[in-house]
Amino acid sequence: MGALRERLERFRDEIVAGRPAAVERQHRKGKRTARERLDLLLDEDSFLELDMFRRHQARGPQADDRPPTDGVVTGSGTIDGRRVFVYAQDFTVFGGSLGAAHAAKIHKVMDLAVRNGAPLIALNDSGGARIQEGAMALDGYGGIFHRNVRASGVIPQISVVLGPCAGGAAYSPALTDFTFMVAETAQMYLTGPDVIEAVSGERVTHAELGGAQVHGTRTGVATFVHDDEESCLADVRYLVSLLPSNYLERPPSAAPCGAAASVRPRLADLVPAEPNRPYDMRKVIAEIVDDPDFLELHEDWAANVICALARIDGEVVGVVANQPLVLAGVLDAAAAQKAARFVRFCDAFGIPLVTLVDVPGFLPGTDQEHSGVIRHGAKLLYAYCEATVPRVQVILRKAYGGAYIVMDSRSIGTDLSLAWPTNEIAVMGAEAAVNVVHRRELAAAEEPAPLRSRLVTEYRERLMHPYYAAEQGLVDAVIDPAQTRAEVARGLAMLRDKGVAPPARKHGNVPM
Ligand code: HXC
């Protein structure tokens, strides 16, 4: 028995140590090994590994090289004491490429995550489909995608891209709820630089094509971009601390901190009364939520809208807010897609929504119209209309036209609409409205300027005064800005047990 135990121990130690030359190459590239990453991600000594001894059964040129683990470390551990399931691709074994055994291990851990109602975290670092295994590798990927979709909305799924993630492999992160990327080392693309050059002659580097910078600022594929693996994995832990383990659980609460009684006089100073003066909405959010260090998604993509996870009085909320500092806070195609996906995520996992509105409308222009702003704007509209979680809208300043409706207005189902005395809800700004409605009069006038100014004033007084929407019941209360945090906290407490039965149907047809 002693000898057998010794052999087991030796075997395990060898597997954990890996192939020294390959480990060294991995380190030279500025990357950690799969196991080093799991050590950073999970609570100490919490990892239970599955399938450590699994090897591929493929024939052909690779038949004599059958390293245990088959290039992926799978299992379960805890983050702050809460259960998660994980897989970490090991680039030191066949470049982390995915063959049948590698895929079967991933399938197993995904099935366990769903059965146990716990988040799945995937650490990707792979050359893609294992070329030697041909169609079996493709079949393995299909099994992952299928499971990603079946698990969507059941458990949170988090992808962390820490190396190459090429070809169809990139579709798994794209199907999950959040994608982290590390600058310099992570890349995602469907066809790599070599194929592109062969097909079209275009020359591009891996980073230019699909680096973290590209996906964090232009495509929206990366939800979070980090400079290094350590801060990246620390933020994965932070994200998990804000998420429920599955759709049936409430998000994890922290101790209440008296938000319902808190007064924030700074709020009134942060937002200029003039509707067109910019300000940083992040500072407003920081005054409303418990911890000014809230977790912002897609910080550098579609920055004209902010999506963030935070807590108010200890309870997790999803904040959607226009950002007047970028493009004056207009909605456009990218902003609508970003916010729509976030609203749907929050709704799927029972996270109440707080929407802060200061929006001049949708961005006009051929570029937007031709890039499908109607279709993308409809996504956001659809997401809000469908959301059954508690919803609180706060109108800080302007809320014009279709963008007002889309930003969680009363008509599309907000539960509580609060407005500051600076609110201006209207079809459009006063100047633009007067130009349309009084076009003929203004054209005929000898001196149009004073006439325009009088008409603008009249329009403002009649249709844009701060109590107009409240008089019609579109707004539930006009509040002192300093009381915003308190009022939102009270509203969320009121709505805590909200329940809405969805209409009977198979599923809606989201304008994807
Ligand atoms: C088998 C692979 C592999 C793969 C890498 N390796 N990718 N083995 N199948 N797909 C092996 C290498 O042969 C090498 O083995 C080791 O992993 C490390 O690779 P390097 O090339 O030395 O590393 P690096 O220089 O960092 O380059 C990484 C890389 C490059 C950019 C990922 O390896 C590469 O271009 N690989 C091929 C990528 C690819 O075309 N994959 C298929 C995509 S199509 P040794 O023995 O030398 O250490 C796809 C379809 C999926 O994935 C569809 C799903 C629906």
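Helices (H or I, at least four residues) and strands (E, at least two) are DSSP runs, numbered from the N terminus. Residues are numbered from 1 along each chain as its sequence is written. The model is predicted: local features need pLDDT of at least 70, side-chain atom pairs count only at pLDDT 80 or more, and totals for chains, interfaces and linings use all residues.

**Exercise 1. The chain as a whole**

Task: State how many helices and strands the chain has, and compare its radius of gyration with the globule rule.

Solution.
Step 1. There are 21 helices and 16 strands in the chain.
Step 2. The radius of gyration, taken over C-alpha atoms, is compared with a globule rule of 2.2 Å times the number of residues to the power 0.38. For 512 residues the rule gives 24 Å, and the chain has 26 Å, which is close, so the chain is as compact as a globular protein of that length.
Step 3. The C-alpha trace spans about 100 × 55 × 45 Å along its principal axes.
Step 4. A residue is buried if 20 or more other C-beta atoms lie within 10 Å of its own, exposed if 12 or fewer, and partly exposed in between, with C-beta atoms placed from the backbone. Of the 512 residues in the chain, 45% are buried.
Step 5. Two residues are in contact if their C-beta atoms, placed from the backbone, lie within 7 Å. Among contacts with a separation of 6 or more, 74% join residues 24 or more positions apart.

**Exercise 2. Domains and annotations**

Task: Set the domain assignment of the chain beside the UniProt features at residues 1-255 and 261-497.

Solution.
Step 1. Domain bounds come from an automatic or database domain assignment. The assignment gives domain 1 (2-241), domain 2 (259-427 + 465-494) and domain 3 (430-463).
Step 2. The centres of domain 2 and domain 3, taken over C-alpha atoms, are 30 Å apart. Their contact takes four residues from each of domain 2 and domain 3.
Step 3. Ala, Val, Leu, Ile, Met, Phe, Trp, Tyr, Cys and Pro count as nonpolar, Asp, Glu, Lys and Arg as charged, and the others, Gly among them, as polar. On the side of domain 2 that touches domain 3 there are three nonpolar residues, one polar and no charged.
Step 4. UniProt positions are given in the numbering used here, feature names are shortened, and annotations may be inferred rather than shown by experiment. An unreviewed UniProt entry places "domain: CoA carboxyltransferase N-terminal" at residues 1-255. Over residues 1-255 the chain is 42% helix and 18% strand, with the end C-alpha atoms 51 Å apart.
Step 5. The unreviewed entry also has "domain: CoA carboxyltransferase C-terminal", covering residues 261-497. Residues 261-497 are 42% helix and 19% strand, and their end C-alpha atoms lie 21 Å apart.

**Exercise 3. The ligand shell**

Task: Describe the residues that surround the ligand and the elements that supply them.

Solution.
Step 1. A residue is near a molecule or strand if its C-beta atom, placed from the backbone, lies within 6 Å of it. The shell holds 16 residues, and Gly95, Gly127, Gly128, Gly167 and Gly168 are the closest.
Step 2. At least two shell residues come from each of helix 5 (134-151) and strand 5 (157-166).
Step 3. The shell divides into eight nonpolar, seven polar and one charged residues.

**Exercise 4. Positive phi in one loop**

Task: Which loop contains Asp51, and is Asp51 buried or exposed?

Solution.
Step 1. Most residues other than glycine have a negative phi.
Step 2. Asp51 has a positive phi, near 55°. Asp51 sits in the loop between strand 1 (48-50) and strand 2 (72-79), and is buried because 21 C-beta neighbours lie inside 10 Å.
Step 3. Thr69, not a glycine, has a positive phi of about 80°. Thr69 lies in the loop between strand 1 and strand 2 and, with 24 C-beta neighbours inside 10 Å, counts as buried.

**Exercise 5. Three residues and their contacts**

Task: Give the place, burial and contacts of Ile158, Thr484 and Glu386, leaving out contacts up to four places away in sequence.

Solution.
Step 1. Ile158, in strand 5, is buried, as 24 other C-beta atoms lie within 10 Å. Its contacts include Pro119, Ile121, Phe178 and Leu239.
Step 2. Thr484 belongs to helix 21 (residues 484-494) and is buried, with 24 other C-beta atoms within 10 Å. Thr484 touches Arg264, Leu267, Ile288, Val394 and Ile479.
Step 3. Glu386 belongs to helix 15 (residues 373-386) and is partly exposed, with 16 C-beta neighbours inside 10 Å. Glu386 touches Asp347 and Gly508.
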